[in-house]
Amino acid sequence: MSEQEIKDLEKIFEERIANDEKIEPKDWMPEKYRQMNIRQISQHAHSEIVGMLPEGNWITRAPSLLRKVTLLAKVQDEAGHGLYLYSAAETLGISRDEMYKQMLTGKAKYSSIFNYPTLTWADIGAIGWLVDGAAIVNQVSLTHTSYGPYARGMVRICKEESFHQRQGYQIMYILANGTKEQREMAQDALNRFWWPALMMFGPRDADSTHTDQSMKWKIKIKTNDTLRQMFVDQVVPQADILGLTIPDPDLKYNEETGHYDFGEIDWEEFWQVVKGHGICNKDRLEAKNKAWNEGEWVRNAAVAYGEKQKEKQVKKAS
Ligand code: 3HC
């Protein structure tokens with residue numbers, strides 16, 4: 001293809017983005033656009049899949065059958081979210097195996113939040129309320145992302161996330177209105193999950209590698225800082241209803257801006273966790289690699305079954 005032809009295609013692509021058209025798998029797209037989407041969508045999928053671990057840790061210890069069933073449903077939902085997102089990334093020409101290997105080897109990232117331990121039952125409430133709450137703020141904006149399959153996957157995922165957020169908030173509400181020990185457990189969970197939840201939105205815009213180009217191509221619809229502020233504004237009144245204290249002495253409503261001002265995130269901690277040195281990074285990758293190795297027989301059986309089915313079809317057709 002000549003340089004001029006590529007320039008013409010790039011111009012058409014930029015016009016389509018400007019007109020808020022959805023880019024579909026078979027459409028022409030700049031290679032960089034393809035790679036940026038593969039990076040973000042696959043890491044989003046890894047986050048869903050690894051996120052099953054901290055919550056799965058409490059399925060056998062849920063305080064009632066109802067809580068066990070609810071948590072089971074949530075963890076199964078997260079697996080489904082991961083599968084939608086891997087499927088969306090596959091439409092860009094990367095295989096599931098390749099993506100999975102990138103996660104298993106630590107080459108690809110997943111959300112830092114999942115490298116924190118779930119120490120008490122209240123953590124399951126805090127994760128639903130804060131982590132899924134943060135995910136919803138981010139993912140609602142992604143329902144308008146320019147890549148078609150990603151945007152459509154987000155619509156379905158957001159519907160399920162709102163159930164996740166509500167069940168988490170209900171856990172916190174019951175604990176916060178329970179015994180002294182239950183209130184203390186809820187406050188402790190908020191203390192440990194508040195700042196890591198703010199880190200889910202990524203580095204400050206000024207320190208973000210991808211935000212500029214991502215916003216230009218409408219891969220990202222809102223910047224990291226905008227989404228983070230939306231989350232804080234949404235959650236502070238919810239914490240007030242619980243009667244719990246957000247662990248930020250600088251948190252204050254700003255009459256002028258109509259937003260909550262909040263303290264400085266510990267960016268040293270953020271980058272340590274992103275670079276693999278968080279409390280649970282090692283455990284999470286070990287658990288995923290163990291599951292991958294122990295699950296080999298299932299993959300082999302599924303391939304063998306598929307081949308048998310194909311043989312039957314061929315016999316039937318001949
Ligand atoms: N954890 C781990 N890595 C992070 C991170 C975080 N919280 N925030 C940023 N990073 C990484 C980025 O991946 C990038 O590294 P890379 O170039 O190797 O990929 C680097 O830090 C620079 O950050 P940028 O801001 O430039 O990166 P992005 O533009 O990709 O912004 C993001 C980061 C806001 C997370 C964006 O990728 C995004 O919106 N992703 C889609 C949503 C998502 O992945 N959410 C994760 C949680 S999913 C979840 O919570 C499931 C729910 O069901 C519980």
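User: How many residues of the shell around the ligand are charged?
Analyst: In this predicted model, the shell splits into 13 nonpolar residues, 12 polar ones and a charged remainder. Charged here means Asp, Glu, Lys or Arg; Ala, Val, Leu, Ile, Met, Phe, Trp, Tyr, Cys and Pro are nonpolar, and the others, Gly among them, polar. That leaves the charged count at 7.

User: Which residues are closest to the ligand?
Analyst: There's a crowd of 32 residues surrounding the ligand, each with a heavy atom within 4 Å of it. The closest are Glu-78, Lys-109, Glu-161, His-210 and Lys-220.

User: Which helix gives the largest share of the shell around the ligand?
Analyst: Helix 5 (121-142), helix 6 (148-176), helix 10 (267-274) and helix 2 each put in at least two residues. Helices are DSSP runs of H or I, at least four residues, numbered from the N terminus. The largest share is 6 residues, and the supplier is helix 2.

User: How far is a polar side-chain atom of Asn-138 from an oxygen atom of the ligand?
Analyst: Ser-208 has a polar side-chain atom 2.9 Å from a ligand oxygen, and for Asn-224 the distance is 2.9 Å too. Asn-138 also brings a polar side-chain atom to a ligand oxygen, at 3.0 Å.

User: What percentage of the ligand's exposed area does the protein bury?
Analyst: On its own, the ligand exposes 1,000 Å² (Shrake-Rupley, 1.4 Å probe). With the protein around it, the buried part is 91%.

User: Which ground rules apply to the numbering and the values?
Analyst: Local features need pLDDT of at least 70 and side-chain atom pairs pLDDT 80 or more, while totals for chains, interfaces and linings use all residues. Numbering runs from 1 along each chain as its sequence is written, and side-chain values leave out hydrogens and water, using heavy atoms.

How values were computed. Polar contact = N/O pair within 3.5 Å; in protein donor to acceptor, adjacent residues only side chain to side chain.
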